[in-house]
Amino acid sequence: MKALFDYIPLIIFFILYKTTDPADSNHPLLQLIGAGGATNNHILVATIGLIAATVLVYGYLFISQKFHLEKPQWFVLLMTIVFGGITLALSDAFYIMLKAVIINATFAVGLLISPLFSQDRSPIIKKLFDPIFELSHQGWHKLNLAWVGLFATLAGLHAFFAFVFADGKYWGEFTAFGDMMVMLGFVIAMIFVLRNHLRKEIN
């Protein structure tokens, strides 16, 4: 359920991104904060919505989780506010486009080095999925590397759609839905491949 909450700000971002005229510097949200650009006002408006929705969603999670956020949640919130704030301050979409690249790359590196910080050298992915799967020590490391590959791939895809392909024309679409589809496809594939390793109480 918490994972679904993470996509609410992205959906709001996409709606504002698609419904705002790039040349409309008089949008009420831009007027509210005194921002505006020449041809990227749709991204600036969407960024305002993204920041506001992220703060509201994580504020709700903070309260519902007994005034606690997990480290990845703090990281996403901080990155959204920092890179979104820079984007609005400079009226430059480059920084909000860079946000998802950095977040996914950081998750990939964090998972990769996580065994170094565990007494039994187990990756953090074991802590997350141990209630679901029964795997050997080597199996957990393979699964961890698969997740490293996922986040590295997502970082590369975000960079590709933001800075390489069609001058960022489809960046908004991928940010809102492509990320979700890749993640969902990976999870389905993971469950299928590891279906014989599901814990008996789950079968």
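Below is a working chat about a predicted model of one protein chain.

Colleague: What am I looking at, and how far can I lean on it?
Modeller: A predicted model, in which local features need pLDDT of at least 70, side-chain atom pairs count only at pLDDT 80 or more, and totals for chains, interfaces and linings use all residues. Residues are numbered from 1 along each chain as its sequence is written, and side-chain values use heavy atoms, with hydrogens and water left out.

Colleague: How many helices and strands are there?
Modeller: Eight helices and zero strands. From the N terminus the order is α-α-α-α-α-α-α-α. Helices (H or I, at least four residues) and strands (E, at least two) are DSSP runs, numbered from the N terminus.

Colleague: What does the C-alpha trace span?
Modeller: About 60 × 40 × 30 Å along its principal axes.

Colleague: And what share of the residues is buried?
Modeller: Of the 203 residues, 42% are buried. Buried means under 20% relative accessible area, exposed over 50%, and partly exposed in between (1.4 Å probe, protein chains only).

Colleague: Helix packing next. At what angle do H3 and H4 pack?
Modeller: About 155°, with the axes 10 Å apart. That makes H3 roughly antiparallel to H4. H3 covers residues 41-64 and H4 covers residues 71-90.

Colleague: How are those axes and angles set up?
Modeller: Axes are lines fitted to C-alpha atoms, for helices over the stretch in contact, and angles run from 0 to 180 degrees between N-to-C directions. Under 35 degrees counts as roughly parallel, over 145 as roughly antiparallel, 65 to 115 as roughly perpendicular, and the rest as oblique.

Colleague: Is the H3 and H4 crossing left-handed or right-handed?
Modeller: Left-handed. A crossing is left-handed if the near helix is turned anticlockwise from the far one by less than a right angle, and right-handed if clockwise.

Colleague: What about H4 and H5?
Modeller: They pack at about 160°, and their axes are 8 Å apart. That makes H4 roughly antiparallel to H5. The crossing of H4 and H5 is right-handed.

Colleague: What sits in the loop between H4 and H5?
Modeller: Ser-91, for one. Its phi is near 50°, a positive value in a residue other than glycine. Ser-91 is partly exposed, at 22% relative accessibility.

Colleague: Why flag a positive phi?
Modeller: Because most residues other than glycine have a negative phi.

Colleague: Which residue in the H5 to H6 loop has a positive phi?
Modeller: Arg-121 is one, with a phi of about 60° although it is not a glycine. Arg-121 is found in the loop between H5 and H6. At 45% relative accessibility, it counts as partly exposed.

Colleague: Stay in that loop. Is Phe-117 buried or exposed?
Modeller: Exposed, at 68% relative accessibility. Phe-117 lies in the loop between H5 (94-113) and H6 (124-129). Its C-alpha is 30 Å from that of Val-55, and the two are 62 residues apart in sequence.

Colleague: And Ser-114, buried or exposed?
Modeller: Buried, with a relative accessible area of 11%. Ser-114 is also in the loop between H5 and H6. Its C-alpha atom is 46 Å from that of Asp-24, 90 residues apart along the chain.

Colleague: Switching to charges. How many salt bridges does a search of the whole structure find?
Modeller: One. The side chains of Glu-173 and Lys-18 meet at 2.8 Å, N to O. Glu-173 lies in H8 (residues 171-193) and Lys-18 in H1 (residues 2-19), so the pair ties together parts that are 155 residues apart in sequence. The cut-off is a side-chain nitrogen of Lys or Arg within 4 Å of a carboxyl oxygen of Asp or Glu.

Colleague: How accessible are the two partners?
Modeller: Glu-173 is partly exposed at 23%. Lys-18 is partly exposed too, at 47%.

Colleague: What else is in H8?
Modeller: Asp-179, among others. Asp-179 is buried, at 11% relative accessibility. Asp-179 and Leu-157 are 8.6 Å apart, C-alpha to C-alpha, and 22 residues apart in sequence.

Colleague: Last topic. Which residues form the nonpolar patch on the surface?
Modeller: Phe-94, Phe-160, Phe-163, Val-164, Phe-165 and Tyr-170, with about 540 Å² of accessible area together. Patches are made of residues with over 30% relative accessible area and no salt bridge: like charges are joined within 9 Å, nonpolar side chains (Val, Leu, Ile, Met, Phe, Trp, Tyr) within 5 Å. Accessible areas come from the Shrake-Rupley method with a 1.4 Å probe; for residues, only the protein chains shown count as cover.

Colleague: Which helix gives the largest share?
Modeller: H7 (residues 137-164), with three residues. Phe-160 lies in H7 and is partly exposed, at 35%.
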